[in-house]
Amino acid sequence: MQRTVQGDLEEALARVLRRPVQLTVAGRTDAGVHATGQVAHVDVPRAVWEEQRAKLVRRLRGVLPPDIA
């Protein structure tokens, strides 16, 4: 299976939030095109959000590959 940013983000979010997630993305870029500013959305239950929001970005940076984090 080919590695994708969406796949890596979904895997990292699922690991950090301890539940399966599915991203909704604004669009995709062609191979070799820079994706700075790409937008993605994920629905998270309120209780999970309240528990995780203060540390979510830090935890994601810890589990995402450097080329995405």
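1. A word on terms before we start: two residues are in contact when heavy atoms lie within 4.5 Å. Please keep in mind that this is a predicted model.

2. With that in hand, have a look at helix α1, residues 5–17. Its buried residues pack against β1, α2 (46–52) and α3 (56–63). The residues concerned are Q6, D8, E10, A12, L13, V16 and L17; you will notice that Q6, D8 and E10 are on that list beside A12 and L13.

3. The geometry of α1 reads well. Its 13 residues reach 18 Å from the first C-alpha to the last, close to the 18 Å expected at 1.5 Å a residue. Just after α1 comes R18, with a positive phi of about 60°, so that is a spot to view on screen.4. Next, T24, which sits in strand β1 (residues 24–25). Leaving aside residues up to four places away in sequence, T24 touches V39, A40 and H41. T24 and V42 are 18 residues apart in sequence, yet their C-alpha atoms are 6.3 Å apart in space.

5. Stepping back to the whole chain, the secondary structure comes to 3 helices and 2 strands, arranged along the sequence as α-β-β-α-α. Take the contacts between residues at least 6 apart in sequence: 49% of these join residues at least 24 apart.

6. Finally, burial and surface. The protein has 69 residues, and 20% of them count as buried. About 5,600 Å² is exposed, with carbon and sulfur atoms supplying 51% of that area.

Notes:
Residues are numbered from 1 along each chain as its sequence is written. This is a predicted model: local features need pLDDT of at least 70, side-chain atom pairs count only at pLDDT 80 or more; totals for chains, interfaces and linings use all residues. Side-chain values use heavy atoms; hydrogens and water are left out. Helices (H or I, at least four residues) and strands (E, at least two) are DSSP runs, numbered from the N terminus. The expected span of a helix is 1.5 Å times one less than its number of residues. Buried means under 20% relative accessible area, exposed over 50%, partly exposed in between (1.4 Å probe, protein chains only). Accessible areas come from the Shrake-Rupley method with a 1.4 Å probe; for residues, only the protein chains shown count as cover.
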